[in-house]
Amino acid sequence: MSHMFHHTRYLIAGLIALVTFPAWAQLNVFPDRFAITEGETIQLTVEVDQRTTSRPDFSPLTKDFHFLGSKQMTVSSYANGANQNITRWKILLRPRRAGDLQIPILKLNDEYSQPQLITVEGVSGAAALISSDAFLESSVDSNEVYQNSQLLYSIRLYHLDELPPMSTLSELIIPGTRTVPLGDKQLYNRQMKGQTYKVTEQSYAIFPGQSGLLTIPSAHFSAGPGTPEMNTDPISVDVLPRVSQAVRGYWLPASKLTLEDLTEGDTSLVLGESQIRILKISAEGLMAEQLPALMSLRNELAQITVEDISLEQNVTAKGVISSRTETVRITPAERGEVTLPEIIIPWWNINLDKSEKVSLAQVVLRVEPPAPPETAATPTTSEVDQKAAAVTPLSPPDASPDSSNIRLLIWLLTAIAVISSLGWLYSHSAQRRKTFDIGNTDAGEIDVKSDTPLQASRKYGLNENAVQGKVNSLSQDEQNAFNKAIEACNRDIPLEARLLILDWARLFWPDAKFSHSLDLSELNNSKTLELLLLDMESYISGVETDQWSGDLLAQALRHIRENRLRHNKHS
């Protein structure tokens, strides 16, 4: 009877919540249990489907519960061409009394959660005590780690008797770090001092965000209300700063890192077809959000678009194992060969304490022209002779064409073809030599020695209209690429901004090679631009966790471009 009564009450509470609150509310609350014993704790998960720096008002919880602590995390993913963010809070609560207690409505901005009903059973008699032979310990796998690398931390409770139902083992919360529980608590036996101890162990992976001294707070265990609490000593760990590497912008401290090309099919294509290329990077000791982008989206001979990006993160006894899988579509623009450049990812091997790299060799796609359409049946020789006789006018035997005039015509056509080819080659070469400078605020005047394409066309007697058409086409492509890069900066999407900035830079500086965004600051010798690009890379790599603001970078890029265009116009 009591069991049916509780179920009926939960159903009524759920119906009231559905009627009272709008179905579009995106603030969700998930308790790990709906029935506990007085003295036990309950973990509450609060989620909102967006990245936010705001915090829900948790004060209503203190009416019926002791607020023991909370931690916040942001989970980001990129799929189907869009960023998806979830902000999550983990809250530890202990009920103040037995009975039916309600998790009240929580509010974040204009969004509300639904109430939850928790049943707290009373404890008859005195709270059970743990054996006096029990003890608590905590440990780390190293007293020295690198910034953003993985540190393994474990809490172990040794006890001879079974734990009482109201016992609690503290959770790990360290400001300025990311902590990942490595699964649920592990239960096993261990022989010590001639006795068989039961061991309850909880392990964590800690990722320090800043260099310096990291202090891991004491762990706590309580057998229940009114019982003495056991504590461990704090642990101090030295966090070393990131190491300078040959390729700037990458900092991947891991115990293992691999790079794979999962693409199926050969490298031969027919013009008009596409190839799906799948690349995967995997790491032991890194979170999925720390893994970098792999595929450059810029290629002069093909259009490359992102189909999907999948992030996967698993926890094991040895820590976090993550992967990033990129699926891109490559569509050649013309027949010939399309070269996909070599991919090189540097990383820091924390086991050997040295820099290493993983790479994928360049891929050459051979693009064939489409097969010609089927033609009608070839006529026989007699049919051809008959048709030729029907349309060929009769002429005297001595009226053959003048062979000298034919040779002169052939030489004239050949000369025209050679001159046209040379003119096009010179226009293309002049356009490739033309180097833009977009207003370097840190550098001095720039010496431009080569002629502009139109000056070269007048100087060498080339077709000015053809040259102007190529310049206008290139300028329009560059303008479109620049607008997309600025839009990504203003939308505060760092990964998309980096890819689009590199696309634009390769159009604006056709003679320069760009493998990383910081190459742009080196080309312009601009410390201001370098700092802004480093800030963007820190958000991409996961060093910074709050919302990136790209308006300053957009302003700097616009200023550099305007200054370079103004300089070219006056030169």
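Rings of Phe, Tyr and Trp, the last represented by its six-membered ring, are taken to pair if their centres lie within 6.5 Å, and planes under 30 degrees apart count as stacked, over 60 as edge-to-face and the rest as tilted. The model shown is predicted, so that local features need pLDDT of at least 70 and side-chain atom pairs count only at pLDDT 80 or more, whereas totals for chains, interfaces and linings use all residues. Residues are numbered from 1 along each chain as its sequence is written, and side-chain values use heavy atoms, with hydrogens and water left out.

**View A. Aromatic cluster with Phe 482 and Trp 504.** Ring pairs link Phe 482, Trp 504, Phe 508 and Trp 509 into a cluster. By the ring rule the count comes to twelve aromatic pairs. In one of them, Phe 135 and Tyr 197 have ring centres 5.7 Å apart and planes at 70°, so the pair is edge-to-face. This pair links distant parts of the chain, with Phe 135 in strand S10 and Tyr 197 in strand S16, 62 residues apart; helices (H or I, at least four residues) and strands (E, at least two) are DSSP runs numbered from the N terminus. Within the cluster, Phe 482 and Trp 504 form a tilted pair, 5.1 Å centre to centre with 55° between the planes. Because Phe 482 lies in helix H5 and Trp 504 in helix H6, the pair ties together parts that are 22 residues apart in sequence. Phe 482 is buried at a relative accessible area of 5%, and Trp 504 is buried at 0%, where buried means under 20% relative accessible area, exposed over 50% and partly exposed in between (1.4 Å probe, protein chains only).

**View B. The largest nonpolar core.** A nonpolar core is a set of buried Ala, Val, Leu, Ile, Met, Phe, Trp, Tyr and Cys residues joined through side-chain atoms within 4.5 Å. The largest has 32 residues, and those with the most contacts inside it include Ile 501, Trp 504, Leu 529 and Met 536. Helices H5, H6, H7, H8 and H9 are the elements that give two or more residues to this core, and the largest share, nine residues, comes from H6. In H6, 14 of the 15 residues are buried, so this helix is largely enclosed by the rest of the structure.

**View C. Helix H8 and its ends.** The 15 residues of H8 (527-541) should span 21 Å at 1.5 Å a residue, the expected span being 1.5 Å times one less than the number of residues, and the end C-alpha atoms are 21 Å apart, which agrees. At the start of H8, a side-chain oxygen of Ser 526 reaches to within 3.1 Å of the backbone nitrogen of Leu 529, and just after the helix Gly 542 takes a positive phi of about 95°.

**View D. Strand S12 between its partners.** Nine of the nine residues of S12 (151-159) are buried, so this strand is largely enclosed by the rest of the structure. Strands pair if DSSP finds at least two bridges between them; six bridges join S10 (135-140) to S12 in an antiparallel arrangement, and nine bridges pair S12 with S16 (195-208), also antiparallel. Val 140 has Tyr 153 as its bridge partner in S12, and Ile 155 stands opposite Gln 202 in S16.

How values were computed:
A polar contact is a pair of N or O atoms within 3.5 Å; within protein, one must be able to donate a hydrogen and the other to accept it, and residues adjacent in sequence count only if both atoms are side-chain atoms.
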